[in-house]
Amino acid sequence: MTMLASLLLPSPLLTTASTSTASSQQTTPQALRLPPKPFTTTLVAAAAAGLLLLSPAPAPSHADPAFTVYYGTAASAANYGGYGGNASKKDTAEYVYDVPEGWKERLVSKVEKGTNGTDSEFFNPRKRSEKEYLTFLAGIRALAPLNAVLDNLALSDVVLQDQIASADDVRSAERTDGGGQVYYEYEIAGAGAHSLISVTCARNKLYAHFVTAPNAEWGRDEAVLRRLHQSFKTIDPAAPPPAAAS
């Protein structure tokens, strides 16, 4: 019999005392003899140790990922050097967004920049289709109506076209930041993927920031992906450079 099991069985001393009380008219009550205090302490400690051994271990905690700020210049294809990294872009950046630690930057070619306006892109190396990227179009002074902008973006993005066509739900909204900058925001719940899009105009350019992931990755990383979506903003030339992400 284990020590823990013996603690759960009735004590002979307590049983004797209970019987004596019930038949006090026929027999003389016996004195209850308790074991010495050190012995009692040992039993309690042993029982507690047994319970700890039987208790399941707590699940490991997952720390929130760290983020860095990407500084984008939205340079034209003619002025684009084609090199990754953003160490020298901070002073000339036109927009910023957060990038999760561990994500990789994809090198955008001049041809791609010139045809569909892709300026920057980062992806999760565990699943390349989980990514964020930005496209821009020069010569745009103001946003078109909310619904028209999404349709125009899809004209140069076949994947976006297919996602909209098969979407279970497409939501759109307009917001204004503290500096008065207007942003259109779209959320597309497609049959195979989920996308968040933020669009704005500044410096006579239209900027569109995309965050997209297959549905399985969306279910796992939704909080992180929404943070990426919310982190995008254009930079006022007169404003100081934004602080690094925490």
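## A pair of residues to start from

Let's begin with one small link: Thr118 has Thr135, in strand β5, as its bridge partner. Keep in mind as you look around that this is a predicted model. The link belongs to the pairing of strand β4 (residues 118-124) with strand β5 (residues 127-138), which is antiparallel and runs over 6 bridges. With 2 residues between them, β4 and β5 make a hairpin.

Strand β5 also pairs with strand β9 (residues 205-214), again in the antiparallel sense, over 8 bridges. You can find two of the matched residues yourself: Lys131 is partnered by Thr212 in β9, and Leu134 by His209 in β9.

## The whole sheet

Now step back from these strands. They are part of an open sheet of 7 strands with antiparallel pairing, in the order β3-β4-β5-β9-β8-β7-β6. Why do β3 and β6 each have one side without a neighbour in the sheet? They stand at the edges and have a single partner strand each, so nothing in the sheet flanks that side.

Two helices lie across part of this sheet. Helix α5 (residues 146-155) crosses β6, β7, β8 and β9, at about 65° to β7. Helix α6 (residues 158-165) lies across β7, β8 and β9, and its angle to β8 is about 120°.

## Two nonpolar cores

In soluble globular proteins, nonpolar side chains tend to be buried together. Here, the largest nonpolar core has 21 residues, and those with the most contacts inside it are Tyr95, Tyr97, Leu134, Tyr207, Leu225 and Phe232. Two or more residues come from each of β1 (67-72), β2, β5, β8 (193-202), β9 and α7 (215-231). Helix α7 gives the largest share, 4 residues. There is also a second, separate core of 15 residues, which includes Val149, Leu160, Ile197 and Ala208.

Leu134 is a good residue to click on. Leaving aside neighbours within four places in sequence, its contacts include Tyr95, Tyr97, Tyr207 and Phe232. Thr118 and His209 are also among the residues that Leu134 contacts.

## A tryptophan in a loop

Is Trp103 buried or exposed? Trp103 sits in the loop between β2 (95-100) and β3 (104-105). Its relative accessible area is 13%, and because buried means under 20%, Trp103 counts as buried.

Beyond four places in sequence, the residues in contact with Trp103 include Phe122, Phe123, Asn124 and Pro125, as well as Glu130, Lys131 and Glu132. Leu225 and Leu228 touch Trp103 too. The C-alpha atoms of Trp103 and Arg128 are 9.4 Å apart, although 25 residues separate the two along the chain.

## A glutamine with two polar partners

Another loop residue to visit is Gln181, between β6 (169-176) and β7 (182-189). Its side chain makes a polar contact with the side chain of Thr200, at 2.6 Å. A polar atom of the Gln181 side chain also lies 2.6 Å from the backbone oxygen of Cys201. Not counting residues up to four places away in sequence, Gln181 touches Arg175, Thr176, Thr200, Cys201, Ala202 and Thr234.

## The chain as a whole

Finally, here are some totals. The protein chain has 7 helices and 10 strands, and 35% of its 246 residues count as buried. It exposes about 15,000 Å², with carbon and sulfur atoms supplying 58% of that area. Among contacts between residues at least 6 apart in sequence, 56% join residues at least 24 apart.

Key
Residues numbered from 1 in each chain as written. Predicted model: local features only at pLDDT ≥ 70, side-chain atom pairs only at ≥ 80, totals over all residues. Heavy atoms only, no water. Pairing = 2+ DSSP bridges. Buried < 20%, exposed > 50% of the residue type's maximum accessible area, 1.4 Å probe, protein only. Contact = heavy atoms within 4.5 Å. Core = buried A, V, L, I, M, F, W, Y, C linked by side-chain atoms within 4.5 Å. Polar contact = N/O pair within 3.5 Å; in protein donor to acceptor, adjacent residues only side chain to side chain. Areas by Shrake-Rupley, 256 points an atom, 1.4 Å probe, with all protein chains shown as cover. Axes fitted to C-alpha atoms, helices over the stretch in contact; angles between N-to-C directions.
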